[in-house]
Amino acid sequence: MPGQRSKSEKTNRRDPYEVLGVSVTSTDQQIKTAYRKLALKYHPDKNANDPKAADMFNEITYSYNILSDPDKRNQYDSAGFEAVEAETQDLELDLSSLGAMSTMVAAFFSKLGVPIKTLVSATVLEEAINGTVPTLPLALGKPVSRKVEKQCAHFYSVRITEKEAQAGIVCQVQSAEKSKFKLLYFERDENGGLNLALQEDSAKKGKVTTAGMYFLGFPVYKLDQQSSIMAKKDPDTAFFRKLEGFQPCEITELKPGVHTFAVYGDNFFKSASYTIEMLSTASFAKEKENLRAVEANISTKRTEISKFETEYRQVLAQFTDMTSRYKQEMKTIDELLKQRNEIQATYTSAPQINSSSSSSNKKRVILQDDKKAKKKWYNLHVKVDKRKP
């Protein structure tokens, strides 16, 4: 399992680029494609009695966890495995291969707050490659609501005309019950099989969970959910890495013809309820141009934030130094003033007055004055005239 390796295993780890059969200059899409092919080849479902295949599958998954994350990939490129601790890797599990244990495993890690990335079942992927999955037709502008069982998928075929392809296509899936699911897009090979090309995990947005794919002729970014997890650990790092989590979709447009999408039930405990809808953006021209502008601004801002981080870190370091010096200088000044007062107090020939004895004497004086006053009052001589009238 990724992230749980012994010390001896760590010393024998192979280069992630070597494991996936890619180079340091490979694009994200090339790395993802290589991973999918190898993961399917060595998947536990297809190699149940082969421990070497299981080890290879774990190594492939571990390597992909590093190279698929921009931050971790940069750390590895600059300092190797030492910069990427295995314990910090997110878990990526194919719960379908765990059978009845999947619910227990999911509940355990969810309780611990450990984020779990799930793989699409190898059974589903293999059936798609063999072209044996049942496919339902889906018309543009006509949403369909269904319920898919966990670790299963519903496949849909969508026919797109030349005009619709030029206008742009959007596929949206949402669940009012906040079910966990994956939206998948498959490309058909020359043998009629379906190969997984794109994958979007559902995310909570308001009162629903949703996932979408946008084929508009320009790059549309998707957000890596790791930024929200990182924010809890280090808000500054989360801020500067937030736009790194925005990765442009590998496919920006669809050609005229039939295309295949699928909704995969990613719930741990139950089926997933969802509504899927395919739309032509011909009637959303304004929204399309607004999105184009926003995506371009995101791309520009990513570059600006990268430069700003260097300046921010420098100023923050100076501020930290200044704050530390401020506290030290304040402490020094207070100590000097205290010493000054103590020294000045020694310049006198008069004995020091004990405040307690002084107050005691004052109290005695007050008591004596009160006694005299009372005596004078009671000894007052009053003359009485004894003559009778």
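What share of the 389 residues of the protein counts as buried? The figure is 36%. Keep in mind that this is a predicted model.

Let me begin with the overall make-up. The secondary structure comes to 12 helices and 14 strands. If you take the contacts with a separation of 6 or more, 74% of them are between residues 24 or more positions apart.

Now the interior. The largest nonpolar core has 26 residues. Within this core, the residues with the most contacts are Tyr185, Phe261 and Ile276. Several strands feed into this core: strand 5 (153-160), strand 6 (169-175), strand 7 (181-188), strand 8 (194-201), strand 10 (208-215), strand 13 (257-265) and strand 14 (272-280) each give at least two residues. Strand 14 has the largest share, with 4 residues.

Take Isoleucine 276 as an example. Leaving aside residues up to four places away in sequence, Isoleucine 276 touches Leu138, Pro143, Val144, Tyr156, Cys171, Gln172, Val173 and Val263. Apart from the core just described there is another one, of 20 residues, and Val22, Phe57, Leu67 and Tyr76 are among them.

Next, the sheet. Here 5 strands form an open sheet, and their order is 4-14-6-10-9. The pairing in this sheet is antiparallel. At the edges are strand 4 (144-148) and strand 9 (203-205), each of which pairs on one side only. On average, and with direction ignored, neighbouring strands of the sheet are turned by 35 degrees against each other.

I would like to stay with strand 6 for a moment. Strand 6 is joined to strand 10 by 7 bridges, and the two run antiparallel. Strand 6 also pairs with strand 14, again in the antiparallel sense, over 6 bridges. For single residues, look at valine 170: tyrosine 214 stands opposite valine 170 in strand 10, and leucine 279 is the bridge partner of valine 170 in strand 14. Valine 173, for its part, stands opposite alanine 211 in strand 10. As for cover, 5 of the 7 residues of strand 6 are buried, so this strand is mostly covered. In a regular strand the side chains alternate between the two faces of the sheet.

A word on cysteines. How many disulfides does the structure hold? The number is 0. Is cysteine 171 buried or exposed? Cysteine 171 counts as buried, because its relative accessibility is 0% and the cut-off for buried is under 20%. Cysteine 152 has 35% relative accessibility, so cysteine 152 counts as partly exposed.

Last, helix 7, which covers residues 122-130. Which residues of helix 7 are buried? They are Ala122, Val124, Leu125 and Ala128. These residues lie on the same side of helix 7, because they cover an arc of only 160 degrees around the axis. In general, an α-helix has 3.6 residues a turn, so residues three or four places apart point the same way. What covers the buried residues of helix 7 includes helix 3 (28-41), together with strand 5, strand 7, strand 8 and strand 13.

To recap, the predicted model has a largest nonpolar core of 26 residues and an open sheet of 5 strands.

Conventions:
Residues numbered from 1 in each chain as written. Predicted model: local features only at pLDDT ≥ 70, side-chain atom pairs only at ≥ 80, totals over all residues. Heavy atoms only, no water. Core = buried A, V, L, I, M, F, W, Y, C linked by side-chain atoms within 4.5 Å. Buried < 20%, exposed > 50% of the residue type's maximum accessible area, 1.4 Å probe, protein only. Contact = heavy atoms within 4.5 Å. Pairing = 2+ DSSP bridges. Axes fitted to C-alpha atoms, helices over the stretch in contact; angles between N-to-C directions. Disulfide = S-S within 2.5 Å. Arc of directions from axis to C-beta.
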